[in-house]
Amino acid sequence: MTQPNPRLVELLAAADRILVFTGAGISTGSGIADYRGPQGQWKTREPVYFQDFMRRHDARVEYWDQKLETWPAMRDARPNAAHQAVAELENAGKVLLVATQNIDGLHEKAGTPRDRLVEVHGTNLKAECMSCHEVGEIEEHFVAFERTREPPVCTSCRGWLKPATISFGQSLRDDDLRRAFTAARDADLVLALGSSLTVYPAASIPLHAVERGTPYVIVNRGLTEHDRIAGLTLRIDGDVVEELPAAVEAALRK
């Protein structure tokens, strides 16, 4: 097991209201590919913009086809040691909120309760109607689309269904942003895990806390956009699945 970083252990032990902000790097250890990474989907397929999804049948077919391609891995993925370490911090009463850029649902699978979780970019594990905004299970719609190649519609209002993620060109949910920025205001530590911190406005959430003088820790393999900001307390260049669990275990023993 990786030896825990002493400074990270100290910060985790002292904190009682942690804002955990996570990106794709926390889930690659669960077999979820980074969409923007070297093996990511956007290297081989163009993303479908929300406006095109709403206007054109062929765009809806392409969108569902892309989602179907990644669905088995998303459905079968299981939380890894880093997700479990975040859940352990929650069980110890140290986490104010988990704000994730990921759409894989792994924080919820690991036990993070919905009232302490903001999925900034939505979730692939649910389907949402774009007209009445009813949310339901998604598996049956993938099965039907694979058989018919027809984009599914809402049984209540006949509006277009799509996975409950935020597509390119689609606005983030105001309530999710409000909850995340409120947590950033109230946190006594911000922990950014596995994110390059390049996608805004999500990446501005940790900065909202830093502006107030809140300690800020980044654990990520490779460069991030926040590496040189004033107010960064600790920067660990490494795999979050290797770095976090040992530090959490040591912190909770203090």
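These exercises walk through a predicted model, each with a worked solution.

**Exercise 1. The sheet**

Find the order of the strands in the open sheet, and name the strands at its edges.

*Solution.*
Step 1. Put the 6 strands in order: S3-S2-S1-S7-S8-S9. The pairing is parallel.
Step 2. Look at the two ends. Strand S3 (117-119) and S9 each have a single partner strand, so one side of each has no neighbour in the sheet. These two are the edges.
Step 3. Add the twist. From one strand to the next, it averages 10°.
Step 4. Check two of the pairs. S7 and S8 run parallel and are joined by 4 bridges. Within this pair, Leu193 has Val219 of S8 as its bridge partner. S8 and S9 also run parallel, with 4 bridges between them. Here Val217 is matched with Leu234 in S9.

**Exercise 2. Two faces of one strand**

Sort the residues of S9 into a covered face and an uncovered face.

*Solution.*
Step 1. Take the covered face. Leu234 and Ile236 belong there.
Step 2. Take the uncovered face. Arg235 and Asp237 make it up.

**Exercise 3. Helices on the sheet**

Which strands does H9 touch, and which strands does helix H7 lie across?

*Solution.*
Step 1. Start with H7, residues 174-186. This helix lies across S1, S2 and S3. Its angle to S2 is about 135°.
Step 2. Turn to H9. This helix packs on the sheet and touches S7, S8 and S9. Its direction makes about 145° with that of S7.

**Exercise 4. The nonpolar core**

Describe the largest nonpolar core: its size, its best-connected residues and the elements that feed it.

*Solution.*
Step 1. Give the size. The core holds 29 residues.
Step 2. Name the residues with the most contacts inside it. They are Leu12 and Leu193.
Step 3. List contributors. Those giving at least two residues each include helix H1 (6-14), strand S1 (18-22), helix H4 (81-91) and strand S2 (95-100). Strands S7 (189-193), S8 (216-220) and S9 (234-237) do so too, as does helix H9 (240-253).
Step 4. Pick the top contributor. H9 gives the most, with 7 residues.
Step 5. Zoom in on Leu193. Beyond its sequence neighbours up to four places away, Leu193 touches residues including Val20, Phe21, Ile26, Val86, Val219 and Leu244.

**Exercise 5. A buried threonine**

Is Thr22 buried or exposed, and which side chains make polar contacts with its side chain?

*Solution.*
Step 1. Locate the residue. Thr22 lies in strand S1.
Step 2. Check the accessibility. Thr22 has a relative accessible area of 0%, so it counts as buried.
Step 3. Find the polar partners. The side chain of Thr100 makes a polar contact of 2.7 Å with that of Thr22. The side chain of His107 makes another, at 3.0 Å.
Step 4. Widen the view. Setting aside neighbours within four places in sequence, Thr22 is also in contact with Ala99, Gln101, Asn102 and Leu193.

**Exercise 6. A lysine in a loop**

Where is Lys94, and is Lys94 buried or exposed?

*Solution.*
Step 1. Locate Lys94. It sits in the loop between H4 and S2.
Step 2. Apply the cut-off. Buried means under 20% relative accessible area. Lys94 has 9%, so Lys94 is buried.
Step 3. See what surrounds Lys94. Among its contacts are Leu12, Asp16, Arg17, Ile18, Leu89 and Leu252.

**Exercise 7. Cysteines**

How many disulfides does the structure have?

*Solution.*
Step 1. Search the whole structure. The count is 0.
Step 2. Test Cys129. Its nearest cysteine sulfur belongs to Cys157, 3.4 Å away. A disulfide needs sulfur atoms within 2.5 Å, so this pair does not qualify.
Step 3. Test Cys132. Its nearest cysteine sulfur is that of Cys129, at 3.7 Å. Cys132 is in no disulfide either.
Step 4. Compare the surroundings. Cys129 is buried, at 0%, whereas Cys132 is partly exposed, at 38%.

**Exercise 8. Backbone details**

Which peptide bond is cis, and what is phi for His133 and Arg149?

*Solution.*
Step 1. Look at omega. The bond from Tyr200 to Pro201 is cis, with omega near 10°. Pro201 is in the loop between S7 and helix H8 (204-210).
Step 2. Look at phi. His133 has a positive phi near 65° and is not a glycine. Arg149, also not a glycine, has a positive phi of about 65°.
Step 3. Place both residues. His133 is in the loop between strands S4 (122-129) and S5 (135-137). Arg149 is in the loop between helix H6 (139-148) and strand S6 (161-165).

Methods: Residues numbered from 1 in each chain as written. Predicted model: local features only at pLDDT ≥ 70, side-chain atom pairs only at ≥ 80, totals over all residues. Heavy atoms only, no water. Core = buried A, V, L, I, M, F, W, Y, C linked by side-chain atoms within 4.5 Å. Buried < 20%, exposed > 50% of the residue type's maximum accessible area, 1.4 Å probe, protein only. Contact = heavy atoms within 4.5 Å. Polar contact = N/O pair within 3.5 Å; in protein donor to acceptor, adjacent residues only side chain to side chain. Pairing = 2+ DSSP bridges. Axes fitted to C-alpha atoms, helices over the stretch in contact; angles between N-to-C directions.
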